[in-house]
Amino acid sequence: MSKFQAPKGVSEYFSPRSAHFEFVRSTLIETARGAGYELMELPVFEDTELFTRGVGESTDVVRKEMYTFEDRGGRSITLRPEGTAGVVRAVIEHNLDRGQLPVKVFYSGAFFRAERPQAGRYRQFYQVGIEAIGISDPLIDAEVIAIADRGLKELGLKNYRLEITSLGDSKTRTAYLKELRAFISGISLDEETKARADINPLRLFDDKREEIKKALEKAPVLMDFLTLESSTDFEAVKSLLTSLGIKFVVNNRMVRGLDYYTGTAFEFVHDGLGAQSGIGGGGRYDGLMAELGGSELSGIGYGLGVDRILLACEAEGLAIPEDLGLDLFIVPLGTSQDALLLAEELRSRGLAVDMAFGDRALKGGMKAADKSGARYSIVLGADEVASKNVALKNMKSGESVSVTLGSLANELISRTVNLGEHS
Ligand code: HAM
């Protein structure tokens, strides 16, 4: 066993899987960017209170899963367990909502929850998410869901379903919570569970214990309490999704693990992942801006779990390109210095170039060229340097053509330009 190991339960990626991970992440980012969402890069740690206020004190995330510590200045700091609270904080702090609305941002990065590790559940995991803040309109709900769905489809995923629900507005909540509290007072609960239900009775639906699940079977359903406005909005979202050709099922018992949701909420669930089947989720959060000290603006967004989406691609046997996109691999013979100079010169022309290092014989160097997946290779020894001529080998066809060193860059550029690169 090595002296040091990664902390328990974190996800890590290295070659060749890191290329798959990057492909998943960049595909999800590009779908968001393609719909006008712009990058927001935020700190991975924030004031603890941002999350206790934003995510909600009764949630598992806040009660049990936050990585919280005191920094050297005695401040309570927490590693971000999710991205929405940070985005809303930044929008308020930098007055981003004073410009054109909606504010449309995407983010991508690591998030931290001290959960019990298991397949697909990590303590450090990755999300690509978007948030659209400032406009309350079912059209945006449908757009946000459609972008998430398109990202998954673009990866080629098929065996997943979209579940949606409406959590209603504050009037819905008040009416529903009154009924739910009355119902809960009629069932027997231990002190801790009771305390949790007192803060937010909805959290009881998160409880994994069979006896609690059974006791809640006859509990009132929130969907039955939707105000006319909420149910009109929800109908509009459903009809828009249908017009967009996006299939969904309504799940009126969906519980999202974060407290800020109102109105439309949704989850993407994959069939091939076992217990950790949620590959993404999101919804509307109309009170969050005000809760965190901003204006009364609404918002909606999603977080897609990159780790689980990669697992889903693997479960579906999807071919993920592993190509590093190398144009040329240089195999030096004798001194490598000329190879390094040439590689740097070609790189400055926009070409992707790698080379063999170490004291390798020709055979070993060619093996490395093969493994690199580069489109072309050359051998660069004293003869080539003296004659200023190399044999440019096409790694796919095995054919070689003689090229002068001076024309190598242009030759490679004209050959790869047909592949749509270096334009
Ligand atoms: P969430 O449902 O808590 O939502 O997380 C989104 C996704 O992150 C999950 O569906 C899952 O794929 C992934 N995920 C969560 N926890 C873990 C874990 N421990 N290991 C691996 N993957 C995990 C949010 O975080 C909201 N901020 C989404 C949102 C944005 N809502 C509105 N805007």
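A nonpolar core is a set of buried Ala, Val, Leu, Ile, Met, Phe, Trp, Tyr and Cys residues joined through side-chain atoms within 4.5 Å. Keep that in mind for the exercises below, and remember that you are looking at a predicted model.

**Exercise 1: The cores**

Find out how many residues the largest nonpolar core has, and which helix gives the largest share of this core.

*Solution.*
- Step 1. Start with the count: the largest nonpolar core holds 61 residues.
- Step 2. Pick out the residues with the most contacts inside this core, which are Val24, Tyr37, Val144, Phe266, Phe268, Tyr302 and Ile309.
- Step 3. Turn to helix 5 (residues 138–154), the source of the largest share of this core, eight residues.
- Step 4. Now look for a separate core: a second one has 32 residues, including Val88, Val91, Met254 and Leu292.
- Step 5. As background, nonpolar side chains in soluble globular proteins tend to be buried together.

**Exercise 2: The surroundings of Tyr302**

List some residues that Tyr302 touches, leaving out residues up to four places away in sequence.

*Solution.*
- Step 1. Among the residues touched by Tyr302 are Val128, Gly129, Ile130 and Glu131.
- Step 2. Others on the list for Tyr302 include Val144, Ile147, Ala148 and Phe266.
- Step 3. Compare with the first exercise: Val144 and Phe266 also appear, with Tyr302, among the residues with the most contacts inside the largest core.

**Exercise 3: The ligand**

Describe the shell around the ligand: how many residues surround the ligand, and which are the closest?

*Solution.*
- Step 1. The ligand is surrounded by 27 residues, and the closest are Glu82, Glu115, Tyr122, Tyr261 and Gly278.
- Step 2. Sort the shell by class: nine residues are nonpolar, 11 are polar and seven are charged.
- Step 3. Check the polar atoms. In Gln127, a side-chain N or O atom is 3.1 Å from an oxygen atom of the ligand. Glu131 places a polar side-chain atom 2.8 Å from a ligand nitrogen atom, and for Tyr260 the distance from such an atom to a ligand nitrogen is 3.0 Å.
- Step 4. Consider the surface: the ligand taken alone exposes 660 Å², of which the protein buries 95%.
- Step 5. Trace the shell back to its elements. Strand 6 (124–133), strand 10 (278–284) and strand 11 (299–305) are the elements that give two or more residues. Strand 10 gives the most, with six residues.

**Exercise 4: Unusual backbone spots**

Locate the cis peptide bond of Pro102 and the positive phi of Asn95.

*Solution.*
- Step 1. Recall the usual pattern: most residues other than glycine have a negative phi, and most peptide bonds are trans.
- Step 2. Leu101 and Pro102 are joined by a cis peptide bond, with omega about 0°. Pro102 sits in the loop between helix 4 (84–93) and strand 5 (103–112).
- Step 3. Asn95 is not a glycine, yet its phi is positive, about 55°. Asn95 is also found in the loop between helix 4 and strand 5.
- Step 4. Another cis peptide bond joins Ser15 and Pro16, with omega about 5°; Pro16 is in the segment before helix 1 (17–33).

**Exercise 5: Thr48**

Decide whether Thr48 is buried or exposed.

*Solution.*
- Step 1. Find Thr48 in helix 2 (residues 48–55).
- Step 2. Buried means under 20% relative accessible area. Thr48 has 12%, so Thr48 is buried.
- Step 3. Look at its partners: the side chains of Thr48 and Ser76 make a polar contact (2.7 Å). Thr48 also touches Met66, Thr68, Ile77 and Thr78, among others.

How values were computed
Residues numbered from 1 in each chain as written. Predicted model: local features only at pLDDT ≥ 70, side-chain atom pairs only at ≥ 80, totals over all residues. Heavy atoms only, no water. Buried < 20%, exposed > 50% of the residue type's maximum accessible area, 1.4 Å probe, protein only. Helix = DSSP H or I, 4+ residues; strand = E, 2+ residues; numbered from the N terminus. Contact = heavy atoms within 4.5 Å. Near = heavy atom within 4 Å. Polar contact = N/O pair within 3.5 Å; in protein donor to acceptor, adjacent residues only side chain to side chain. Areas by Shrake-Rupley, 256 points an atom, 1.4 Å probe, with all protein chains shown as cover. Nonpolar A, V, L, I, M, F, W, Y, C, P; charged D, E, K, R; others polar.
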